[in-house]
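Reader: I have a model open and want to learn how to read it. Where do I begin?

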Amino acid sequence: MQDRGEFKLVTYRKKRLLCVRNSHNAHVPLPDDNDNDSGNTSCEALFGKLLEAETELRNSSFGDDIFHSLKDSLSALNIDGISEILCYGLGSFSCRRSSKYQLALLLSLKNHYGSRVHIYDPVFTPKEIQLLERFDFNVIKINEEGKRIIEDNVTLVYMPHCSVHLTNNFLYANWSKILTKCILLTNSFSAIEDHSKFRNYMLMPIDYILRIRPYVTEIALKNNFTYEEVFHDLNIHIFLERDIVTVPRDFWSEREEPSYGDATIDYFTAKQTEPVDVKNRPNEDET
């Protein structure tokens, strides 16, 4: 853990390829979680497992480190707390160990800051949506493709091992000084930038990530959780006022909606998920 009040920036290790959790693209293999959770687990049993996972996460060295790092980040931003949390790409937490513990962190964050949580993933089942609502999460009903515009509230954007294109979309939607109200808990921008140098840029068009990268302060998180695949390459990113005021005059005005053309994107589009969104909306009569 870095000394308090002093950020430790991450350096990308070239021997390790950037790994993005992607349950949406059959061409990208999922990490082997060796998980024994079953999709047939009852709601009550799963509810208990999640509470146990949250306690385990909160009492872990990783939990301690991340909350200290967030405290340092808020102090650097001269902000007292986190009003909203926006979460994309959590995955199916009823059958994936990584997703279960990533949700456990989200629960800890919500409880610690008293934040309102907005969450979406097209792979959520009706049972999972019911559980999320039981935790008082606001489950987003449509696929926004990461383009939710935040209000003038301090917002933590949590995308654990999520599509880099979704992160790119979020930056596009909020391409202004409002980013100084955001804390991004996402895949390392440093790793993404370095990884892009080893690929044909046209195959990985992430213009907004690469454009904002020089003005981002990235805080390295120590990957010391029991299951190291759960939070690897996850770092905190903040936008300090002193850096944002140095952007070129026309920086924010150059804003076109991302177009990925023939590139392979690693998230489901709104058109693809429309029938899934309708199906996964819990029926009021369901118990």
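Author: Begin with confidence, since this is a predicted model. The protein's mean pLDDT is 84. A value of 70 or more is reached by 80% of its residues.

Reader: Over which residues does pLDDT stay under 50?

Author: There is such a stretch at residues 1-5, and the model gives these residues 14 contacts beyond four places in sequence. Residues 10-38 also stay under 50, with 71 contacts beyond four places in sequence. Read those contacts along with the pLDDT.

Reader: Next, the overall make-up. How many helices and strands does the protein have?

Author: There are 9 helices and 7 strands. The chain has 287 residues, and 56% of them are buried. Now take the contacts with a separation of 6 or more: 81% of these join residues 24 or more positions apart.

Reader: How do I read strand pairing?

Author: Ask which strands pair, and in which sense. Strand β1 (residues 84-88) pairs with β2 in the parallel sense, over 5 bridges. In that pairing, Glu84 stands opposite Arg116 of β2. Strand β3 (residues 138-139) also pairs with β2 in the parallel sense, over 2 bridges. There, His118 faces Asn138 of β3 as its opposite residue.

Reader: What links these strands along the chain, and with which handedness?

Author: β1, α3 and β2 form a right-handed β-α-β unit. From β2 the chain then crosses through helix α4 (residues 126-134) to β3, again a right-handed β-α-β crossover.

Reader: Is β2 enclosed or open to the outside?

Author: Count its buried residues. In strand β2 (residues 116-120), 4 of the 5 residues are buried, so the strand is largely enclosed by the rest of the structure.

Reader: Can the helices be read that way too? Which residues of α4 are buried?

Author: Lys127, Glu128, Ile129, Leu131 and Leu132 are buried in α4. Note that the list includes Lys127 and Glu128. Then look for what covers them. The cover includes α1 (43-58), α3, β2 and β3. Check the end of the helix as well: just after α4, Asp136 has a positive phi of about 65°.

Reader: Now the cores. What is the general idea?

Author: In soluble globular proteins, nonpolar side chains tend to be buried together. Here the largest nonpolar core has 48 residues. Ile119, Tyr158 and Leu185 touch the most other members. Helix α3 (residues 97-113) gives the most to this core, with 8 residues.

Reader: What does Tyr158 touch?

Author: Set aside residues up to four places away in sequence. Its contacts then include Ile85, Leu86, Cys87, Tyr88 and Leu90. Gln102, Leu105 and Leu106 are also among the residues that Tyr158 touches. So are Leu185, Phe231 and Leu234.

Reader: Which residues belong to the second core?

Author: That separate core has 35 residues, including Ile140, Cys162, Tyr208 and Phe239.

Reader: Last, a polar residue. Is Asn169 buried or exposed?

Author: Compare its relative accessibility with the cut-off: buried means under 20%. Asn169 is at 0%, so it counts as buried. Asn169 sits in helix α5 (residues 164-173).

Reader: Which side chain does Asn169 join in a polar contact?

Author: The side chain of Tyr260, at 2.6 Å. Leaving out neighbours within four places in sequence, Asn169 also contacts Glu145, Gly146 and Lys147, among others. Pro258 and Tyr267 are on that list too, together with Tyr260.

Terms used. Residues numbered from 1 in each chain as written. Heavy atoms only, no water. pLDDT = per-residue confidence, 0-100. Contact = heavy atoms within 4.5 Å. Buried < 20%, exposed > 50% of the residue type's maximum accessible area, 1.4 Å probe, protein only. Polar contact = N/O pair within 3.5 Å; in protein donor to acceptor, adjacent residues only side chain to side chain. Core = buried A, V, L, I, M, F, W, Y, C linked by side-chain atoms within 4.5 Å. Pairing = 2+ DSSP bridges. Right-handed = clockwise from strand over helix to strand, strands pointing away.
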